[in-house]
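Welcome! Please take a first look at the sequence and the model below, and then let us walk through them together.

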Amino acid sequence: MQGVLKTLLGAALLLVAWPLFAQTSENVQTPVLPLSGQMGANEMARVVTFKGRPEECLAPLAVTRIDGEMRAVSAQGFLIEPGLHTINGRATLDVSHCPLSDRNAYIRNSPDLEVEFEAGSTYYIGYYHGAADTAEWKLMVWHIEASPLIDTAAQLPEDQ
């Protein structure tokens, strides 16, 4: 009976202490918010992953890793803090416009996509699969919508 109590007490202590271990400097995760999140949206970069361009061999991406860490993010996209980040995931290929050939039957893992994200900008990320050689298939940013420049001079009151 005492052994069971000691085990339960040890497990309870581990559950209480676990958040402290998870917050060490080596284990800091990149803040990621859902696309619908309004808190800090102007201070974050927007990543859109659900749109593809099948006719250009660009497939949507389900992001599963950010900065080397396994992450669960929305299939629609997410907000990410500005800075240099790496992204990887899984794509669902639409081969109606870019059919597979006998030469590219073996699909390799793609290296991480490294992007310098800027606050307020929107990045459309997908998986390019149009080349005959699958070694040339890769994750890529296929479109960036830059944040509009704010004309601060137009917002200042006129001198009287």
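## Salt bridges

A search of the whole structure turns up two salt bridges, a salt bridge being a side-chain nitrogen of Lys or Arg within 4 Å of a carboxyl oxygen of Asp or Glu. Before we visit them, please note that this is a predicted model, in which local features need pLDDT of at least 70 and side-chain atom pairs count only at pLDDT 80 or more, while totals for chains, interfaces and linings use all residues. Residues are numbered from 1 along each chain as its sequence is written, and side-chain values use heavy atoms, with hydrogens and water left out.

Side chains of opposite charge can pair when their charged atoms come close. Here are the two pairs:

| Salt bridge | Closest N and O atoms |
|---|---|
| Arg53 and Glu56 | 3.6 Å |
| Arg65 and Asp112 | 2.5 Å |

In the pair of Arg65 and Asp112, Arg65 belongs to strand 4 (residues 61–66) and Asp112 to the loop between strand 7 and strand 8, so the salt bridge ties together parts that are 47 residues apart in sequence. Helices (H or I, at least four residues) and strands (E, at least two) are DSSP runs, numbered from the N terminus.

How open are these partners? Arg65 counts as partly exposed because its relative accessibility is 28%, and Asp112 is partly exposed with a relative accessible area of 35%. In the other pair, Glu56 is partly exposed at 40% relative accessibility, and Arg53 is partly exposed at 31%. In these terms, buried means under 20% relative accessible area, exposed means over 50%, and partly exposed lies in between (1.4 Å probe, protein chains only).

## The chain as a whole

The chain has two helices and 10 strands. Starting at the N terminus, its elements run α-β-β-β-β-β-β-β-β-β-β-α. Of its 160 residues, 29% count as buried.

## The largest pocket

Arg65 appears again here, as one of the residues that line the largest pocket. Others in the lining include Asn88, Arg90, Ile107, Arg108, Tyr127 and Leu139. On a 1 Å grid over the protein atoms alone, a pocket is an open set of points where a 1.4 Å probe fits, with protein on both sides within 12 Å along at least five of seven lines; lining residues have an atom within 4 Å of a point.

How much space lies in the largest pocket? The value is about 230 Å³, where grid points are joined across faces, edges and corners, and a volume is the space filled by probe spheres set on the points. Strand 7 (residues 83–91) gives the most to the lining, with four residues.

By type, the lining residues divide into five nonpolar, four polar and three charged. For this count, Ala, Val, Leu, Ile, Met, Phe, Trp, Tyr, Cys and Pro are nonpolar, Asp, Glu, Lys and Arg are charged, and the others, Gly among them, are polar.

Arg108, a lining residue, sits in the loop between strand 7 and strand 8. With a relative accessible area of 41%, Arg108 is partly exposed. Between Arg108 and Trp137 there are 8.5 Å in space, C-alpha to C-alpha, and 29 residues in sequence.

## Far in sequence, and two positive phi angles

Glu43 lies in the loop between strand 1 (32–34) and strand 2, and Glu43 counts as exposed because its relative accessibility is 58%. Glu43 and Ala119 are 76 residues apart in sequence, yet 5.1 Å apart in space, C-alpha to C-alpha.

Is Ser121 buried or exposed? Ser121, in the loop between strand 8 and strand 9 (122–128), counts as buried because its relative accessibility is 3%. From Ser121 to Val47 it is 8.6 Å, C-alpha to C-alpha, with their positions 74 residues apart in sequence.

Last come two backbone details. Cys57, in the loop between strand 2 (45–48) and strand 3 (58–59), has a positive phi of about 60° although it is not a glycine. Cys57 is buried, with a relative accessible area of 10%. Asp67, in the loop between strand 4 and strand 5 (69–70), is another residue other than glycine with a positive phi, near 55°. Asp67 counts as partly exposed, at 29% relative accessibility.
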